[in-house]
Amino acid sequence: MVTPEIAPKGTLIAIGGSEDKGTFPRSKKRFHLNFFELGILKRVIDAMGGVQARIEVITTASMIPEEVGAMYLSAFGVLGCQQVNVLDIREEEDALKPENLERLRQASGVMFSGGDQSRLSRIFNGNAFHQILLDRYKQEPGFVIAGTSAGAMAMSDIMIKGGSSTRSLLKGAVKLDRGLGFQQNVIFDSHFVKRGRFGRLMEAVATHPFKIGIGLGEDTGVLIREGNIIETIGSNLVIVVDGHHIRHNNTSYASVGTPLSIENLLVHVLAYGNYYNIKERKFCHQSQE
């Protein structure tokens with residue numbers, strides 16, 4: 001007898017990012033969060049319970065964690081939050097410090113910055129910090145895990161860790177690794193529209209055809225409830241790639257560098273306010289609740 005999967009009670013918010021790799025330009029004119037200006041950060045705060053929420057920002061993925069942390073503190077502060085702190089975790093031993101584990105237990109939610117998603121997988125996967133995140137996400141209705149760019153890409157169990165857009169749909173153009181597993185049945189990609197990452201998400205889905213590919217445009221995100229219902233937030237687009245009905249697919253036997261051949265790949269384009277049911281693989285123009 002197969003035990004039915006229990007839906008997580010917490011909320012995931014995956015954001016497509018606004019700057020490359022979490023390494024923001026030094027120009028003061030551009031040193032900001034585009035998605036903050038367009039209201040996505042406000043949705044993160046609301047999901048965590050409002051401006052009194054205890055928010056922990058995790059800048060582990062970034063190569064400039066002090067600057068990125070200061071930027072988030074400022075952005076959350078402008079929106080009225082008074083209990084925002086940065087968890088300064090640069091290696092696994094930092095994550096396992098008792099004071100950091102206790103801060104995680106007391107937080108209303110966490111916000112993962114952009115950067116290198118492989119660092120998130122290497123530093124957190126399988127340790128006590130990761131387990132607390134998993135347990136709280138599964139068991140607590142008010143708990144939120146948010147992430148932008150790399151912080152979003154690391155949320156799935158199969159994670160895109162890199163790959164060339166210019167060589168898209170040539171075998172081996174996408175590199176996959178193990179993510180943090182907050183969402184089991186999808187593969188996220190970020191900075192999706194402007195960087196033309198359609199091909200690498202298609203290859204990732206063709207390699208794992210029973211996953212749903214979610215391509216997050218810049219300044220755009222998805223809010224996922226019960227591990228299933230996607231709501232599109234922000235100003236750009238979310239691309240959903242469904243491989244469940246693929247027929248011909250040469251991904252498993254094509255030689256590296258040769259073109260891929262994939263039949264019957266289904267694609268949806270979601271804008272602000274659209275919904276998608278992952279389990280039913282159904283697009284909705286508005287909430288069906």
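The exercises below work through a predicted model of a protein chain, each with a solution in steps.

Residues are numbered from 1 along each chain as its sequence is written. Because this is a predicted model, local features need pLDDT of at least 70 and side-chain atom pairs count only at pLDDT 80 or more, while totals for chains, interfaces and linings use all residues, and side-chain values use heavy atoms, with hydrogens and water left out.

**Exercise 1. The chain as a whole**

Task: State how many helices and strands the protein chain has, and what share of its residues is buried.

Solution. Begin with the elements, which are DSSP runs numbered from the N terminus (helices are H or I with at least four residues, strands are E with at least two). The protein chain has 9 helices and 15 strands. Next comes burial, where buried means under 20% relative accessible area, exposed means over 50%, and partly exposed lies in between (1.4 Å probe, protein chains only). By this rule, 54% of the 289 residues count as buried. Finally, take the contacts (heavy atoms within 4.5 Å): of those with a separation of 6 or more, 74% are between residues 24 or more positions apart.

**Exercise 2. One face of helix 5**

Task: Find which residues of helix 5 are buried, and explain why they can be said to line one face.

Solution. First list the residues: in helix 5, which covers residues 98–106, the buried ones are Asn100, Leu101 and Leu104. Then look down the helix axis, where these residues fall within an arc of 100°, so they line one face of the helix; the arc is that of the directions from the helix axis to the C-beta atoms. As a last step, ask what this face meets: the buried residues pack against strand 3 (84–87), helix 4 (92–95), strand 4 (109–112) and helix 7 (128–139).

**Exercise 3. Strand 4 and its partners**

Task: Describe the two faces of strand 4 and identify the strands that pair with it in the parallel sense.

Solution. Start with the faces: Gly109 and Met111 lie on one side of strand 4, Val110 and Phe112 lie on the other, and all four are buried, which leaves both faces covered. Now turn to pairing, for which DSSP must find at least two bridges between two strands. Strand 2 (residues 55–58) pairs with strand 4 in the parallel sense over 4 bridges, and strand 5 (residues 144–148) also pairs with strand 4 in the parallel sense over 4 bridges. Gly109 appears in both pairings, since it is the bridge partner of Ile55 and has Val144 as its bridge partner in strand 5.

**Exercise 4. An open sheet**

Task: Give the strand order of the open sheet of 4 strands, and explain why strand 8 and strand 13 each have a side without a neighbour.

Solution. The order is 8-9-12-13, with mixed pairing. Strand 8 (186–189) and strand 13 (266–270) stand at the edges and have a single partner strand each, so one side of each is left without a neighbour in the sheet. Neighbouring strands of this sheet are turned by 20° against each other on average, direction ignored. Helix 9 (residues 198–207) packs on the sheet and touches strand 8, strand 9 (212–216), strand 12 and strand 13, its direction making about 30° with that of strand 12; axes here are lines fitted to C-alpha atoms, for helices over the stretch in contact, and angles run from 0 to 180 degrees between N-to-C directions. Looking at one pair in detail, strand 12 (residues 238–242) and strand 13 run antiparallel and are joined by 5 bridges, with Val240 opposite His268.

**Exercise 5. Salt bridges**

Task: Locate Arg43 and Glu231, and explain why their salt bridge ties together separate parts of the chain.

Solution. A salt bridge is a side-chain nitrogen of Lys or Arg within 4 Å of a carboxyl oxygen of Asp or Glu, and the whole structure holds 15 of them. In the salt bridge between Arg43 and Glu231, the closest N and O atoms are 3.2 Å apart. Arg43 lies in helix 2 (residues 40–47) and Glu231 in strand 11 (residues 229–234), so the pair ties together parts that are 188 residues apart in sequence. Considering accessibility, Arg43 is partly exposed at 23%, whereas Glu231 counts as buried at 8%. The last step widens the view: Arg43, Arg225 and Glu231 are linked in a network of salt bridges.
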